[in-house]
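Student: I should like to request a close look at a single part of this model, followed by an account of how charged pairs and backbone features are placed elsewhere.

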Amino acid sequence: MDTDYKYEPKNGLTRWLDSRLPLMRFTSEHVLQFPTPKNLNYFWTFGFILTMCLVTQIITGIILAMHYAPSTLLAFDSVEHIMRNVNYGWLIRYIHSNGASMFFLAVFIHMFRGLYYGSYKEPREVIWILGCIIYLLMIVTAFMGYVLPWGQMSFWGATVIINLVGTLPLIGESLTQMLLGGFAVDNPTLNRFFSLHYLLPFIIFGVVLLHIWALHVPGNNNPVGLSVQGKQDTVAFHPYYTVKDFFAYTVFLLLFCYFIFYNPNALGHADNYIEADAMVTPAHIVPEWYLLPFYAILRAVPDKLAGVLLMFGAIAVLFFLPWLDTAKVRSGRYRPIFRYFYVLFVIDCLILGYLGAQVPEGIYLFLSRVTTIYYFAFFLLVLPILGRIEKMKPMPIGISNSELSRDMVAAE
Amino acid sequence: MSDTLDDDKPTRRDFLYITTGAFGVVGAASVAWPLIDQLNPDASVKAVSTIEVDISSIEPGSFLKVAWRGKPIYIRRRTNEEIADAEKDDNLNLPDPQKDMERVQKKEWLVVVGVCTHLGCIPIANQGEYEGWFCPCHGSHYDISGRIRKGPAPTNLEIPPYEFVSDSLIKIG
Amino acid sequence: MLKLIKIKSLILIFSVFFALSNEAYSAGGETYDLIKPGFSFEGPTGTYDRAQLRRGYQVYREVCASCHSMKQLAFRNLSQKGGPEYTEDDAKLFASEYTVIDGFDDYGDPVERTRILSDRFPNPYDSKEAAKASNNGAYPPDLSLITKARSGGYNYIYSLLQGYGKEIPEGTEISDTLSYNPWFPGNGIAMYQPLYEESVEYEDGTFASIEQMSADVTAFLAWSAEPEMEERKRLGFIVMSFLIIFVLLMFFTTTRLWKDVH
């Protein structure tokens, strides 16, 4: 992005450093002075909130690893040791376990925001794809992390999900054995999950840097979806967005702390406080809430392999979103018909989440099929077709006078 | 009216910004404490940092070796001759001068940490030139009071904190 | 309008969670809701009732402990803050009633000694198999985390303990080795009725009705599952109060900062 601002080192030391490692220049141009559209609403604060979530998970995770023992004989008791004996261990573990839920809550809002305002459209396709990669890595990391406490849901969740791989033709069985390091979920599985659960967040961190790098080439999208035309459309990232983002983060923390201190197990499952037992299966195996929509899609199909493919397809389709949506206008604000389909899609995802926790029988099975069909139809039919036929609402001519024209639209 | 507002604004703004910033700093510092405190010994470690030892079964002239905070403790019931031996050398020119009296609570009982003060090896009891302890690593000789007499070790064997709960029970730590 | 929808959908997400946490139990056509007596430790400022925890520990010790282990608890926990808060000497006395094998002597024979504060609660059985053999093939679960490990939580445990002696509805078959209990999934539970009136004689003179003992032992188990609860709520109050003020300050800072941006 073109910027009028250029960093000027002020004294000898910074000049010396600038010609060797332009760290101050980088910080100044990409953090402090970075020109950011001035009309971003609070849905844009979730990028910062997500960064904080990742940092929180990494710090608390490193600490938990100091006290945790990745062995089937010790894992469950070592988690209880953290909860009961380690100084503030309960706090650190509850931050980490609820932190995963808050991370996903924030990432869902972040993604739905991108979907509504067309933040994936040209020239931001790569940002979106990197985001999808982050999301995929998050799912894998969270899934492996859930196995570590070695409760009943850890064990049986891992068993069910890894068995999905077994449905693949030809390579299924040998691939399953390779993932497990044996013939069932056991000590080798737990050990490698621990290792990878520790590694993946740092890879996520790397992809986040790429995500931000890619963002800083075209700059932020904004609620009206128009490109920045000049200085009058932007403000410096600091202090305007550092402060606004941090304000949003403190509000987010209120919800986070409510769960940590007053309802720390509300988002978990009771069965995970029973130590894993390979001979007893819990009555209902359900994943964590943030994976429920995909679980519902998996079980909506009678054929196991088709279910698995659909489930992976539900994530894979996100990667193609920039090319599936044919609309020329970015922001959903000016797409009257899209808005209805969009709201329907959000509700569809919520219902899928609800259905993921139910036994797939009768009405629940029927509903999960309908919602699964709409999930895919939204991406594969609605977005490609609607973009060509939809009549857009009148748009403002630029970011700076968008408020004016929004009043105009409202008055219509 | 607008003049007073303009004069008023910067100070009020500064006050708000400084207060908010101070809250942020206090918040961040408070969050740091649990993350640091978790490194300290946990409740299960602290629970075994004090042990009680029944000494009623130790015969005169023999000793009991127990583990305390991951280190061996020698509890030695000394005979009258051994006590006399130890006190006899009180006024010699020792490498780390200490009277036997200063090293025991009851003359009959010597309680020492069984870690050589040289480089941390564990000395063997009832061996060496002074029949107290002998460290096989670099040849340090300790007497029946646990004092260093010969060899590279700089100081006497350490005395752990302990107290007699009763005649037959001592609490170490 | 869209903002409203987003807020509404967030509310929907959370109401789904809370809806899931309130379960009803049906047995033979009849629906049993969990009995909720209202414990002292409920709510954002609730704390454990020390006297109740002590009574609960007595019920556990004299009744439950003959079959159920509590392997996460050590005797030192009985005197720690936020629990029954016995004196250290009392906790030592409880510990000394049990022995433990601790290492081997010079002849290779196991050394038995009385338990001390740092020792865990004893396990009534040497192995899972022995536990099953003594209980008609059913394994009496460890109780350390039981109120967290059952949906319905402590109210489920409280209800279950009082679910005995009810008439078996028509059409419900309960095998001879099981007891009927409307709150137990499947309604046939391997545990026989554990509590009868005056099963224990309370040291503090409280009358030991079945309700009283159920409530007391449930409270004890709730503490055992969440020994950090009082500290958690206390810290939570400080953190939330701080955050609310901080949120307001951040709000004013943000609005003031953005006031001049048009």
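Why does A:Val55 count as partly exposed?

Tutor: The model is predicted, and every value below is computed from it. A:Val55 has a relative accessibility of 32%, so it counts as partly exposed; the band for that class begins at 20% and ends at 50% relative accessible area. The residue lies in helix H3 of chain A. Together with A:Ile59, A:Phe205 and A:Leu209, A:Val55 forms a nonpolar patch on the surface, and the four have about 320 Å² of accessible area together. Two helices of chain A, H3 (46-67) and H9 (187-215), each supply at least two residues of that patch.

From this surface one may turn to the contact between chain C and chain B. Chain C contributes 14 residues and chain B 16 residues. About 1,300 Å² is buried between the two chains, 67% of it on carbon and sulfur atoms. On the side of chain C, the residues that lose the most area to chain B are C:Phe242, C:Leu249 and C:Arg256, which together account for 43% of what that side buries. Between these chains the count is 1 salt bridge, in which the side chains of C:Lys92 and B:Glu52 meet at 3.4 Å, N to O. Residue pairs in polar contact, both at pLDDT 80 or more, number 2. Helix H7 (residues 229-258) of chain C gives the largest share of the side that touches chain B, namely 9 residues.

Over all chains the count comes to 29 salt bridges. One of them pairs C:Lys128 with A:Asp277, whose closest N and O atoms are 3.3 Å apart. C:Lys128 lies in helix H4 (residues 128-134) of chain C, and A:Asp277 in the loop between helix H10 (237-262) and helix H11 (292-300) of chain A, so this pair joins two chains. C:Lys128, at 37% relative accessibility, counts as partly exposed, whereas A:Asp277, at 18%, counts as buried.

Within chain A, the side chains of A:Asp325 and A:Arg335 meet in a salt bridge at 3.4 Å, N to O. Both residues are in the loop between helix H13 (321-324) and helix H14 (336-356) of chain A, 10 residues apart. A:Asp325 and A:Arg335 are buried. In chain B, B:Asp143 forms a salt bridge with B:Arg147, with 3.0 Å between the closest N and O atoms, and both residues are buried. Salt bridges that share partners join these two with B:Lys88, B:Asp89, B:Asp90 and B:Arg149 into one network.

The backbone also merits attention. Most residues other than glycine have a negative phi, and most peptide bonds are trans. In chain A, a cis peptide bond joins A:Glu122 and A:Pro123, with omega about 5°; A:Pro123 lies in the loop between helix H5 (89-117) and helix H6 (125-147). The bond from A:His238 to A:Pro239 is cis, with omega near 5°, and A:Pro239 lies in helix H10 of chain A.

In chain C, C:Glu85 is not a glycine, yet has a positive phi of about 55°. C:Glu85 is placed in the loop between helix H2 (50-62) and helix H3 (88-95) and, with a relative accessible area of 30%, is partly exposed. C:Asn187, likewise not a glycine, has a positive phi of about 70°. C:Asn187 is found in the loop between strand E5 (179-180) and strand E6 (188-189) of chain C and is buried, with a relative accessible area of 9%.

Conventions
Residues numbered from 1 in each chain as written. Chains lettered and ligands numbered in written order. Heavy atoms only, no water. Patch = residues over 30% accessible without salt bridge, like charges linked within 9 Å, V, L, I, M, F, W, Y side chains within 5 Å. Areas by Shrake-Rupley, 256 points an atom, 1.4 Å probe, with all protein chains shown as cover. Helix = DSSP H or I, 4+ residues; strand = E, 2+ residues; numbered from the N terminus. Buried < 20%, exposed > 50% of the residue type's maximum accessible area, 1.4 Å probe, protein only. Contact = heavy atoms within 4.5 Å. Buried area = accessible area lost by both parts, 1.4 Å probe. Polar contact = N/O pair within 3.5 Å; in protein donor to acceptor, adjacent residues only side chain to side chain.
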